[in-house]
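This report describes selected features of a protein chain for a reader who is new to structural biology. Please consult the sequence and the model while reading.

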Amino acid sequence: MGVKITDTTMRDGHQSLLATRMRTEDMLPIAEEMDEVGFHSVEVWGGATFDTALRFLREDPWDRLRELKKRFKKTPLQMLLRGQNVVGYRHYADDVVKKFCELAVKNGMEIFRIFDALNDLRNLETAIKAVKKAGGHAQGTVCYTISPVHTTQMFADQAKQLEEMGCDSICIKDMAGLLHPYDAFEIVKAIKEVVKVPIQMHCHCTSGMAEMSYLKAVEAGLDIMDCALSTLAQGTSQPPTESLVATFEGSDKDTKLDLERLTHLADYFGEVRKKYAAFEGNVRLDAGVLLHQVPGGMISNLVSQLREQGAADKLRAVLDEIPAVRADTGYPPLVTPTSQIVGTQAVMNTLFGERYKQVTKETRGLVLGQYGQTPAPISAKIRKKIAPNEKPITDRPADHIDPELKAARKQAGDFVKSDEDLLSYVLFPQVAQEFLEWRNDGGGIENEIAAAIAAALTHDRARAAPAPGAAVDGHTHNPWKTAGRQRALRG
């Protein structure tokens, strides 16, 4: 049986390369043609797209989902769901998670890739059950990272647990491009030995290894791989669809996709990309990620934080500090929101010249178990330094959150017109209220949209653009130098 492909162009492709700024109007004209290609699924929603649509694009993300569903009649739509964080940056109550999954299915979503930043599977329970109850496909996710405690056996055990929790498929999510080809082979092989559901892999090209990792993973039995059309691929995005289709053409893993049709689609998005050139970041290959493990988007955020403090020259020191903070906080994978938590704390440690002289609320929450159980235990010494005299929680964090929807409905004004509006408001109160009031006052006026985009563009240029020459080089610290990558991984 041939390997299948999920297209990420309309979600992670532009999220990785264009700061998530692609508008719905640039997706709809090509959607029906994409529907005819034969993709396993198309990823179009979730991740940062929900927030960005409301905050910068003056678009209702629910409208985007509905409009795309009208056009994708053959190909399942897919989204990225942050478990108990939904599409936000904190844990929400169970009633919010349940209602979001119910409404997402109602509006056209079919496949939910559900992950937790700590790989704490307790944080996936509610979402998995809610998706399946609503009739959706629940894909459980294992976030890949390298540390002394992350082993092939750990990843296989987590995959088995996800299947037992009711997941319809399993995804290996390599958000930083760290997965070595031969490790990809071993991990897929180990997971295939313990689960019966399909296995999918999601890699970023940041380090330059993703295509090779896909090749070895397919040799081990990988069922589905994430790719983006070539004009929105590589860099910090996914491997190019056309190249992988050509790679397996004529073999027993042939995707059976039409290269000529794919090329036409890529040409379309190549023209679309030109419209968003101002949002382009530093998308070149960065093998330095193999040393510091920091995803490309996270580096841009670090550069922005340092520039605001007049300390752009301290980037290398921050990159050296990140592994220490990560070790102190139990080796969390660097993915939203843990990447922001660890990165910001590393910046503060560097600027103050002393570890944990000043601690963010989020770092304290991570140490106190408010985001879930960390992969490795946090030492009593570190916990006392970061959160003295505070007792950590040891059960599921959401068990400590009261239901939110009823109170939000009372608090929200007349700007909330539907259940979907209410969910947007609960997830992003200030941003959603501003958008919904604008919409209800007659929004959609072209010059207002243009002004909003221009304001976002100016903001991003001033605050988020990487400083010239800020790329990571070979002098950064390798946290696993003594343990050795293979030993750390395979245990």
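Against which elements do the buried residues of α3 pack? The model under discussion is a predicted one. In it, the buried residues of α3 pack against the helices α1 (9–17), α4, α5, α19 (419–427) and α20 (429–440), and also against the strand β2 (41–46). Helix α3 itself spans residues 49–57 and is mostly covered, since seven of its nine residues are buried. These buried residues are T49, F50, D51, T52, A53, L54 and L57. Directly after α3 comes R58, which has a positive phi near 55 degrees.

**Nonpolar cores**

The largest nonpolar core has 107 residues, and the members that touch the most others are M34, W45, F100, M201 and M225. Helix α5 (residues 94–106) contributes the most to this core, namely seven residues. For W45, contacts beyond its neighbours within four places in sequence include F50, W62, L65, F100 and A104. Polar residues also appear in the contact list of W45, among them R11 and Q78. A second core, separate from the largest one, contains 22 residues, including I299, L302, V325 and Y356.

**A pair of helices**

Helix α2 (residues 28–35) and helix α11 (residues 259–275) have axes that come within 11 Å and cross at roughly 165 degrees. Because of this angle, α2 is roughly antiparallel to α11. The crossing of the two helices is left-handed. On the α2 side the meeting residues are P29, I30, E33 and M34, and on the α11 side they are H264, L265, Y268 and F269. M34 thus belongs both to this meeting of helices and to the set of core residues with the most contacts to other members.

**Salt bridges**

Side chains of opposite charge can pair when their charged atoms come close. In this model, the count comes to 31 salt bridges. Three of them are listed below.

| Salt bridge | Closest N to O distance |
|---|---|
| K70 and E67 | 3.0 Å |
| E280 and R273 | 2.6 Å |
| R355 and E321 | 2.9 Å |

K70 and E67 are both part of helix α4 (residues 61–71), where they stand three residues apart, about one turn of the helix. An α-helix has 3.6 residues a turn, so residues three or four places apart point the same way. E67 is partly exposed, because its relative accessibility is 24%.

In the second pair, E280 is partly exposed, with a relative accessible area of 29%, whereas R273 is buried at 18%.

The third pair spans more than one element: R355 lies in the loop between α15 (338–352) and α16 (361–367), and E321 lies in helix α14 (residues 315–328), so their salt bridge ties together parts that are 34 residues apart in sequence. R355 is partly exposed at 40% relative accessibility, while E321 is buried, with a relative accessible area of 10%.

Salt bridges may also share partners: R23, E25, D26, E59, R64 and K275 are joined in this way into one network.

**A buried lysine**

Is K216 buried or exposed? K216 counts as buried because its relative accessibility is 18%, and the limit for burial is under 20%. K216 is located in helix α9 (residues 210–219). Not counting residues up to four places away in sequence, K216 touches P181, Y182 and F185.

How values were computed:
Residues numbered from 1 in each chain as written. Predicted model: local features only at pLDDT ≥ 70, side-chain atom pairs only at ≥ 80, totals over all residues. Heavy atoms only, no water. Salt bridge = Lys/Arg side-chain N within 4 Å of Asp/Glu carboxyl O. Helix = DSSP H or I, 4+ residues; strand = E, 2+ residues; numbered from the N terminus. Buried < 20%, exposed > 50% of the residue type's maximum accessible area, 1.4 Å probe, protein only. Core = buried A, V, L, I, M, F, W, Y, C linked by side-chain atoms within 4.5 Å. Contact = heavy atoms within 4.5 Å. Axes fitted to C-alpha atoms, helices over the stretch in contact; angles between N-to-C directions. Parallel < 35°, antiparallel > 145°, perpendicular 65-115°, else oblique. Left-handed = near helix turned anticlockwise from the far one by under 90°.
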